[in-house]
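Student: I have the chain open in a viewer and want to check the labels attached to it. Can we take them one at a time and set each against its cut-off?

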Amino acid sequence: FTSVAAGVSWFFMRKFGVKNELSAEAFLVVWYVGSSLTGVLLRYTLVRHEAGEPLTSRQRWGMLFTSATNLTAVWLVMKALARAELTFVQPVLMLGRIICPIIIGVQFKEVKLRELRPIQWGALALGLIGAAMIVIVRLV
């Protein structure tokens, strides 16, 4: 389901980003209002035990931060798609999807690089090799 939703959102971001039928800001407002209404609808139509415990204040602030970060990222992607070819934008985004989780894991989740197992080092090395290949292909 997530792949379908991501594909649909990419299609519309590309469509509206290139043709400028709708500004990035207007698209994001519509997208988030629709998502919020769907979330509220799901929250209040679920049976009480399926909905889970009420969120704490810290969790709400975390959601606000995550939402603002996501909103900014989608806005930047739409602006990039409006200004550059997809063949340039997509590899840059892929590179970010490789590097950012590593940085987040090391900085915020306190992943100790010294404690990684050999298989984890191998996966990290493959990811970094893939990122290097993306950069090299874009530069050539």
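Student: Why is Ile134 called buried?

Tutor: This is a predicted model, and the label rests on a computed area. Ile134 has a relative accessible area of 15%. Buried means under 20%, so Ile134, at 15%, is buried.

Student: Where is Ile134, and what is it in contact with?

Tutor: Ile134 lies in helix H6, residues 118–139. With neighbours within four places in sequence left aside, Ile134 contacts Pro91, Met94, Leu95 and Ile98. Pro91 is 43 residues away along the chain, yet the C-alpha atoms of Ile134 and Pro91 are separated by 6.4 Å.

Student: Why is Trp75 called partly exposed?

Tutor: Trp75 has 30% relative accessibility. Buried would need under 20% and exposed over 50%. The value of 30% falls in between, therefore Trp75 counts as partly exposed.

Student: Which residues are in contact with Trp75, leaving aside neighbours within four places in sequence?

Tutor: They are Ala24, Glu25 and Leu28. Trp75 itself is in helix H4, residues 57–83. As for Phe27, its C-alpha is 9.1 Å from that of Trp75, with their positions 48 residues apart in sequence.

Student: What makes the span of H4 close to the expected one?

Tutor: H4 has 27 residues and reaches 39 Å from its first C-alpha to its last. The expected span, at 1.5 Å a residue, is 39 Å. The two values agree, and the span of H4 is close to expectation.

Student: Which residues of H4 are buried?

Tutor: Val74, Val77, Met78 and Leu81. Val74 and Met78 also belong to the largest nonpolar core, together with Ala24, Phe27 and Leu28.

Student: What makes those five residues a core?

Tutor: A nonpolar core is a set of buried nonpolar residues joined through side-chain atoms within 4.5 Å. Ala24, Phe27, Leu28, Val74 and Met78 form such a set, the largest in this model. H2 (24–45) and H4 each supply at least two of its residues. H2 gives the most, with three.

Student: Why is Phe12 not called buried or exposed?

Tutor: Phe12 has a relative accessible area of 33%. That value lies between the 20% and 50% cut-offs, so Phe12 is partly exposed. Phe12 is part of helix H1, residues 2–19.

Student: Which residues make the nonpolar surface patch that includes Phe12?

Tutor: Val4, Val8, Phe11 and Phe12 make this patch, of about 370 Å². A patch residue must have over 30% relative accessible area, and Phe12, at 33%, passes because of that margin.

Student: How much of the chain is buried?

Tutor: Buried residues make up 12% of the 140 residues. The chain exposes about 11100 Å², of which carbon and sulfur atoms supply 70%.

Student: How many helices and strands are there?

Tutor: The chain has six helices and zero strands, in the order α-α-α-α-α-α along the sequence.

Methods. Residues numbered from 1 in each chain as written. Predicted model: local features only at pLDDT ≥ 70, side-chain atom pairs only at ≥ 80, totals over all residues. Heavy atoms only, no water. Patch = residues over 30% accessible without salt bridge, like charges linked within 9 Å, V, L, I, M, F, W, Y side chains within 5 Å. Areas by Shrake-Rupley, 256 points an atom, 1.4 Å probe, with all protein chains shown as cover. Salt bridge = Lys/Arg side-chain N within 4 Å of Asp/Glu carboxyl O. Helix = DSSP H or I, 4+ residues; strand = E, 2+ residues; numbered from the N terminus. Buried < 20%, exposed > 50% of the residue type's maximum accessible area, 1.4 Å probe, protein only. Contact = heavy atoms within 4.5 Å. Expected span 1.5 Å × (residues − 1).
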